[in-house]
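Biologist: I'd like a close look at the pockets in this model, and at whatever sits in them. Please keep it informal, but spell out the cut-offs as you go.

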Amino acid sequence: MKISDLDPSRVPTHIAAVMDGNGRWAEKRKLPRTEGHTAGEQSLMDVLEGADDLGVKWFTVFAFSTENWSRPPEEVQFLLNFNEKILLERQDELHERNVRIRFIGRRNRQVPKRLIRRMEEAENLTKKNTGLTFTIAFNYGGRAEIVDAVKQIVDTGMSSTRITEKTINRYLYDSTIPDPDLVIRTSGEYRVSNFLLWEIAYSELVFSEVLWPDFRRENLFTAIKEYQDRDRRYGGVSET
Ligand code: IPE
Ligand code: IPE
Ligand code: MG
């Protein structure tokens, strides 16, 4: 699938991706699981560029979930270091591409201070950029996000009668991100795994059998083609 095969008038505004299958990719090659994460960096950069070339304005990826702390400590440590390394090595290149980097997730004591500093640096460096907004969900859980929003709302002392869906939206980790139009999950797993629960109420879900380290912009375009062939009704009736 190429960009020219897609309908330019129906490009999703916001795409979110669950980058899954790194461990299986490595195991198939008799490599340590961490080699799969390393290989996934290429996929991420290629897919981001492809999305940017197509004119996608928001791209969000699931990098580390609140549940991923339960992995073996060596893998957790690897993922923390790896995310820091990617930020250091790629932020300038993304900045040159006019990409704005954002993070969503719990920035609590579980996350090493140095990594939090790096996240803030990347956000600050790129905050004035006007191109694609690249949001990284790190130490992110959809339920945790809703709990954190509810806590903040309660702390304001707001009367329950004033609480609407907009109120909840306003207290999400980043209230400026539009809901995803399209969510892609790779590696043939058909579940949401606590990603963006509130935000995906009306997203189109596309599942790909391709393992994340093999996923490239062509696969992204195939997923977008599937999205373009869908009929989004939002509970209403079809326009055609
Ligand atoms: C996704 O790949 C990356 C993260 C969750 C950080 P996995 O590591 O989950 O790979 P599989 O699902 O075990 O193959
Ligand atoms: C979801 O993948 C989290 C990320 C991609 C960061 P997992 O591999 O952790 O999810 P499960 O365990 O298959 O549900
Ligand atoms: Mg997985």
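Modeller: Terms first: on a 1 Å grid over the protein atoms alone, a pocket is an open set of points with protein on both sides within 12 Å along at least five of seven lines, a cavity is a set where a 1.4 Å probe fits but cannot get out, and lining residues have an atom within 4 Å of a point. This is a predicted model, with pLDDT of at least 70 needed for local features and 80 or more for side-chain atom pairs, while totals for chains, interfaces and linings use all residues, and side-chain values use heavy atoms, leaving out hydrogens and water. Residues count from 1 along each chain as its sequence is written, with chains lettered from A and ligands numbered from 1 in the order in which they are written.

Start with the largest pocket, which holds about 720 Å³ of space (a volume is what probe spheres fill when set on the points, and points join across faces, edges and corners). It has 40 lining residues, and the ones closest to its centre are M19, N22, F62, A63 and F64. Plenty of elements chip in with two or more residues each: the helices α1 (22–28), α2 (33–54), α3 (73–96) and α4 (113–126), plus the strands β2 (58–65), β3 (100–104) and β4 (133–140). The top contributor is α3, with 7 residues. (Helices are DSSP H or I runs of at least four residues and strands are E runs of at least two, numbered from the N terminus.) Sorted by class, that lining comes to 21 nonpolar, 9 polar and 10 charged residues, where Asp, Glu, Lys and Arg are charged, Ala, Val, Leu, Ile, Met, Phe, Trp, Tyr, Cys and Pro are nonpolar, and the others, Gly among them, are polar.

Now the occupants. Ligand 1 takes up space in the largest pocket, and ligand 2 sits in the largest pocket too (more than half of a molecule's atoms must lie within 2 Å of the grid points).

Around ligand 1 there are 13 residues, of which D20, G23, R24, R33 and R71 come nearest (a residue is near if one of its heavy atoms lies within 4 Å). Look at the oxygens of this ligand: a polar side-chain atom of R24 is 2.7 Å from one, and the side chain of D20 puts an N or O atom 2.8 Å from one. R71 also has a polar side-chain atom 2.7 Å from an oxygen of ligand 1. On its own, ligand 1 exposes 380 Å², and the protein buries 86% of that (Shrake-Rupley areas with a 1.4 Å probe). The shell gets two or more residues from each of α1, α2 and α3, and α1 gives the most, with 3. By class, this shell has 3 nonpolar, 5 polar and 5 charged residues.

Over at ligand 2, the surrounding residues are V18, M19, D20, F62, A63, F64, N68, R71, R185, R191 and S193. D20 and R71 turn up again here: a polar side-chain atom of D20 lies 3.2 Å from an oxygen of ligand 2, and an N or O atom in the R71 side chain is 3.2 Å from an oxygen of ligand 2. R185 does likewise, with a side-chain N or O atom 3.2 Å from a ligand 2 oxygen. Taken alone, ligand 2 exposes 390 Å², with 78% of that buried by the protein. β2 supplies the most to this shell, with 3 residues. Its class split is 5 nonpolar, 2 polar and 4 charged.

R185 leads on to the one cavity of 30 Å³ or more in the structure, since R185 and R191 are on its lining list next to V18, V183, V192, F195, I200, L205, V206 and F207. The space in there is about 70 Å³. β5 (182–185) and β6 (204–207) each bring at least two lining residues, with the largest share, 3 residues, from β6. The lining is 8 nonpolar and 2 charged, with no polar residues.

Finally, the second largest pocket holds about 190 Å³. Its lining is E165, N169, D179, P180, D181, W198, E199, A201, Y202, S203, R232 and Y234, or 5 nonpolar, 2 polar and 5 charged residues. R232 is worth a look: it belongs to the segment after α7 (217–228), and its side chain makes polar contacts with those of D181 at 3.1 Å and Y227 at 3.2 Å. (A polar contact is an N or O pair within 3.5 Å; within protein, one atom must be able to donate a hydrogen and the other to accept it, and sequence neighbours count only if both are side-chain atoms.)
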